Amino acid sequence: PGARLLFNCYRHWSTIVLRRLNGSVITLHSKEGVTQGNPLSMIAYGILLLSLICYLKEELPQVEQPWYADDAEPSGSFYFVALCYLGKHYGYFPAPNKCILIVHPSNKAAAEAKFSHLDFK
């Protein structure tokens with residue numbers, strides 16, 4: 001039911017009307033994504049993310065992947081590369097330069113070498 005409602009709400013562009021001080025109007029069309037502030041945005045995001053998580057579990061069953069909201073804690077650079085590649089088909093675009101690599105100090109050098117191509121902080 002939620003997916004059908006979202007489909008019906010977003011099958012067309014959202015129209016944003018801006019009124020200038022002189023009374024003229026500018027019309028913008030929001031052609032992708034969920035309109036910011038829409039109460040349905042969390043439902044849409046949950047539906048999208050759940051389908052992506054299920055697909056990743058099928059493709060990479062050996063990888064533990066805890067999620068909290070839209071934050072994932074993947075283990076391994078292969079998983080993150082797969083998430084970046086598969087995610088774009090679902091409208092999910094992870095930004096490695098916004099990700100923080102967290103490891104035990106004794107593993108820091110090995111982790112930095114393994115993940116250096118991903119541009120993590």
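The exercises below, each with a worked solution, concern a predicted model of a protein.

**Exercise 1. Overall make-up**

Task: State how many helices and strands the protein has, and in what order the elements run.

Solution:
- Step 1. The protein contains four helices and four strands.
- Step 2. Read from the N terminus, the order is α-β-β-α-β-β-α-α.
- Step 3. The chain has 121 residues, and 22% of them are buried.
- Step 4. About 9200 Å² of surface is accessible, with carbon and sulfur atoms accounting for 59% of that area.
- Step 5. Take the contacts between residues at least 6 apart in sequence: 36% of these join residues at least 24 apart.

**Exercise 2. The two sides of α2**

Task: Compare the span of helix α2 with the expected value, and find where its buried residues lie around the axis.

Solution:
- Step 1. Helix α2 covers residues 41-59, which is 19 residues.
- Step 2. From first C-alpha to last, α2 reaches 27 Å, close to the 27 Å expected at 1.5 Å a residue.
- Step 3. The buried residues of α2 are Ala44, Leu48, Leu49, Leu52, Ile53 and Leu56.
- Step 4. These residues lie on the same side of α2 because their arc around the axis is only 155°.
- Step 5. Leu50 and Glu58 are exposed, and they sit on the other side of α2.

**Exercise 3. The largest nonpolar core**

Task: Identify which residues of the largest nonpolar core touch the most other members, and which helices supply at least two residues each.

Solution:
- Step 1. The core has 16 residues; Leu52, Leu56, Trp67, Tyr79 and Leu83 touch the most other members.
- Step 2. At least two residues of this core come from each of α2, α3 (77-87) and α4 (108-115).
- Step 3. Helix α3 gives the largest share, five residues.
- Step 4. Take Leu56 and set aside its neighbours within four places in sequence: Leu56 then contacts Gln65, Trp67, Tyr79, Leu83 and Leu86.

**Exercise 4. Cysteines**

Task: Determine how many disulfides the structure has, and whether Cys54 and Cys84 are buried, partly exposed or exposed.

Solution:
- Step 1. A search of the whole structure returns zero disulfides.
- Step 2. For Cys84, the nearest cysteine sulfur belongs to Cys99 and is 7.5 Å away. A disulfide requires the sulfur atoms to be within 2.5 Å, and Cys84 is in none.
- Step 3. Cys84 has a relative accessible area of 25%, so Cys84 is partly exposed.
- Step 4. Cys54 also counts as partly exposed, because its relative accessibility is 41%.

How values were computed: Residues numbered from 1 in each chain as written. Predicted model: local features only at pLDDT ≥ 70, side-chain atom pairs only at ≥ 80, totals over all residues. Heavy atoms only, no water. Expected span 1.5 Å × (residues − 1). Buried < 20%, exposed > 50% of the residue type's maximum accessible area, 1.4 Å probe, protein only. Arc of directions from axis to C-beta. Core = buried A, V, L, I, M, F, W, Y, C linked by side-chain atoms within 4.5 Å. Contact = heavy atoms within 4.5 Å. Areas by Shrake-Rupley, 256 points an atom, 1.4 Å probe, with all protein chains shown as cover.
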